[in-house]
Amino acid sequence: MEEAFYLSVLSLFYLQEFLKCALLGGMAGAPNLKNSEVLESLVKKQAADGKLYAAICAAPVVALESWGVLKGLKATCYPSLMEQLAASSATAVESRVQLDGKAVTSPGPGTTIEFAVALVEQLYGKEKADEVSGPLVMRSNHGDEYIITERNPMKWTFTDSPKILVPIANGTEEMEAIMIIDILRRAKATVVVASVEDKLDIIASRKVKLEADVLLDEAAKLSYDLIVLPGGLGGAQAFAKSETLVNLLKKQRESNKPYGAICASPALVFEPHGLLKGKKATAFPAMCDKLSDKSEIENRVLVDGNLITSRGPGTSMEFALGIVEKFFGREKAIELAKVLVFVRP
Ligand SMILES: *[C@@H]1O[C@H](CO)[C@@H](O)[C@H](O)[C@H]1NC(C)=O
């Protein structure tokens, strides 16, 4: 099983590489991309050479279109900018991933994984795309409303704003860490990102550099409305070895306060430390054999009282939205899912 995980991790490496070819969106970031002359000439050369170029969110209209590389092509972008795209040299189409000529465009954060896998397919073919997307645990019904399965419902409480601890370590799965941090901050939770290593700088599983807000020893002085662990093999192993983190989690469980984990972490951190006793949980598919109760592992996001667990990078947006739902209600979570273009607006 561990071997299977290593293999899947290797194939995930490709996704990271391919993400580098694409221009990322972001309402504030896109104009900065547009204003880069170096990038503009790179992309224009890419288009002139008949090579792949791609952009997501605001970047298709703000950068690509303004450089003239979408002329006459079908393209898409963030919903609120579609009118601007329609009035431009491109043909605006509603799509989660649009390919025309060598231009690939996509509308927002919630379509990023589909977008990235489409780039893999363009570059390396369908077989490689399937190999990469399998271990991501992607959805089959992109754009539909997602389901959070709940057993033993209890109210998750907070005062003012939920205080949430997100530990990270070398080998943490960056997609999962970023999804959790980003979505909970969008929901106005107070998210503390704490390094379990002896430095703030972390090298995540696909070599993305992350910087924590504080070291865990410092963060452990406070109490939290939720402690939530991203996955990634190396990260989960580091969490399991951290006495400080394990003690914090045990205290959280004993005081019946919420805690959660995704991917490798339920199996490698919670299970061996007795944090799943009497609870239903799920985990990364290839690691579910480590769970003593496997009866509910098929759920993409599973809440059992004060515990929330989930399966992998492709379920991390639903996982984070499930946390938003527990603290702020489903309506707020769905509203956010639409802003992200995870659920069809
Ligand atoms: C984590 O990665 C950083 C950066 O590469 C490195 O300096 C540090 O020693 C690593 N920590 C461990 C415990 O391996």
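Let's walk through this structure from its domains to its nonpolar cores and then to its ligand. Keep in mind as you look around that this is a predicted model.

A good place to start is the overall layout. The domain assignment splits the protein chain into domain 1, covering 3–136, and domain 2, covering 149–339. If you take the C-alpha centres of domain 1 and domain 2, they lie 29 Å apart.

Next, look inside. In soluble globular proteins, nonpolar side chains tend to be buried together. Here the largest nonpolar core has 84 residues, and Tyr146, Leu229, Leu249, Phe270, Leu321 and Ile323 have the most contacts inside it. Both domain 1 (3–136) and domain 2 (149–339) contribute at least three residues each to this core. A second core, separate from that one, has 32 residues, among them Leu23, Ala30, Cys57 and Leu73.

Phe270 is worth a closer look. Leaving aside residues up to four places away in sequence, Phe270 touches Leu229 and Leu249, along with Tyr259, Gly260, Ala261, Ser265, Leu275, Leu276 and Leu307.

Finally, turn to the ligand. Around the ligand you will find Asn170, Glu197, Lys199 and Ile203. By type, this shell divides into 1 nonpolar, 1 polar and 2 charged residues. Two of the surrounding side chains are worth displaying with distances: an N or O atom in the side chain of Asn170 is 2.4 Å from an oxygen atom of the ligand, and a polar side-chain atom of Lys199 lies 2.6 Å from a ligand oxygen atom. On its own the ligand has 360 Å² of accessible area, of which the protein covers 44%.

Technical notes:
Residues numbered from 1 in each chain as written. Predicted model: local features only at pLDDT ≥ 70, side-chain atom pairs only at ≥ 80, totals over all residues. Heavy atoms only, no water. Near = heavy atom within 4 Å. Polar contact = N/O pair within 3.5 Å; in protein donor to acceptor, adjacent residues only side chain to side chain. Areas by Shrake-Rupley, 256 points an atom, 1.4 Å probe, with all protein chains shown as cover. Nonpolar A, V, L, I, M, F, W, Y, C, P; charged D, E, K, R; others polar. Core = buried A, V, L, I, M, F, W, Y, C linked by side-chain atoms within 4.5 Å. Buried < 20%, exposed > 50% of the residue type's maximum accessible area, 1.4 Å probe, protein only. Domains from an automatic or database assignment. Contact = heavy atoms within 4.5 Å.
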